[in-house]
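Let's take a friendly walk through a protein model, from its surface to its interior. Keep the structure open beside you as you read.

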Amino acid sequence: MSSKRDNKIDLLKGIGALSVIIGHLVNYNGLLKTYIYAFHMPLFFFLTGYVYSNKQEKFKTYFYKKSKRILLPYIIYNILSLLLNTYLGTYIFSEKKEIFKGIFYTSGQIPWNSSLWFLPVIFWCYLLLYLLKNQKINNKKIMILCLIVAIVFSKYNIILPFGLHIVPMSMFFVISANIIKEYDFRNKKLLIISILIFIHFAYLNKRVNISTNVYNNYLLYIIVAFSAINILFFIANIIKKNNIIERFGHYSLFMFCTQRMLFVIYNKFGIVTGANNYFINFYLIIVTIIIYYLLIIFFDKLKKLVIK
């Protein structure tokens, strides 16, 4: 990868990051949540494979870099979330092993910060990408294997340490990006078909959640996710550049790890997230986006001061 950031990728990450916020704040049983959950995480995993390049690094160096960039934040944000919940009294731990279980058997159900499941899962995906790239195994065969394992894990509700049970479906999307990387996502006919597929089949397949291995109809889940990815890439190719959305994309990991902490503060002050009140949901979405944008501006200015 070039050291220069790809505007399109940051744009797509920004769209994904904003979608995650909206998905977490809207009505739990609402239709909008159904549509957002159908694509937001597959998009992030697809982008991981899309931008990945093998720099011929030694595994030890590669492992250290990814651990520092992903696992260290996982530990830090777990500690911060635990401290925040303890201080505010928003989550009471009955036993110490409950903390160990939440961190060790990570999934989308970590009580003090359910979003943190993404970090160990993406870490495994990066390690597998490195190993598979060096083995030069057929990508299509890997995708089929990942899908089969994902279906088995989902059907029998198999839970493994550090989110390993979520990795097969995640890797399915990561590897798929390598196969269709050269596609330019500018086909207007396919765009129309993708929109129709997404609207109709996402509704039929109901609410899904990759963090808990809930896919309902596996075929529909995959078709809907790829349809949405095609739509979003088409939109990104048209927009090409948007500094505001790209900024969100640049800080997408920070937003992903901290938004549940922000929601805990909302709840402490009696503001219920995911309620049936559309006005409150819309208000919280706007407020949350503004808060993150102000934080992003602050961090960018701080970086400039540090560099000087």
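## From surface patch to core

Leu72 is found in helix H4, which covers residues 59–88. This is a predicted model. Is Leu72 buried, partly exposed or exposed? Its relative accessible area is 42%, and because partly exposed covers the range between 20% and 50%, Leu72 counts as partly exposed. Leu72 also belongs to a nonpolar surface patch, together with Ile75, Ile76, Ile79, Leu80 and Leu83. Together these residues have about 530 Å² of accessible area.

Now look at Asn178, which sits in helix H8 (residues 167–179). Asn178 is buried, with a relative accessible area of 15%. Which side chain does the side chain of Asn178 meet in a polar contact? The partner is the side chain of Lys133, at 3.1 Å. Setting aside residues up to four places away in sequence, Asn178 touches Gly49, Leu129, Lys133 and Asn139.

Here are the two residues side by side:

| Residue | Relative accessible area | Class |
|---|---|---|
| Leu72 | 42% | partly exposed |
| Asn178 | 15% | buried |

Next comes the interior. The largest nonpolar core holds 65 residues, and Met41, Phe45, Trp117, Ile210 and Met255 have the most contacts inside it. Helix H6 (residues 118–135) supplies the largest share of this core, with 11 residues. Another core lies apart from it and has 28 residues, including Tyr50, Val51, Ile231 and Leu232.

Finally, what does Met255 contact, leaving aside neighbours within four places in sequence? Its contacts are Ala17, Leu18, Ile21, Phe248, Tyr292 and Ile296.

Technical notes: Residues are numbered from 1 along each chain as its sequence is written. This is a predicted model: local features need pLDDT of at least 70, side-chain atom pairs count only at pLDDT 80 or more; totals for chains, interfaces and linings use all residues. Side-chain values use heavy atoms; hydrogens and water are left out. Helices (H or I, at least four residues) and strands (E, at least two) are DSSP runs, numbered from the N terminus. Buried means under 20% relative accessible area, exposed over 50%, partly exposed in between (1.4 Å probe, protein chains only). A polar contact is a pair of N or O atoms within 3.5 Å; within protein, one must be able to donate a hydrogen and the other to accept it, and residues adjacent in sequence count only if both atoms are side-chain atoms. Contact means heavy atoms within 4.5 Å. A nonpolar core is a set of buried Ala, Val, Leu, Ile, Met, Phe, Trp, Tyr and Cys residues joined through side-chain atoms within 4.5 Å. Patches are made of residues with over 30% relative accessible area and no salt bridge: like charges are joined within 9 Å, nonpolar side chains (Val, Leu, Ile, Met, Phe, Trp, Tyr) within 5 Å. Accessible areas come from the Shrake-Rupley method with a 1.4 Å probe; for residues, only the protein chains shown count as cover. A salt bridge is a side-chain nitrogen of Lys or Arg within 4 Å of a carboxyl oxygen of Asp or Glu.
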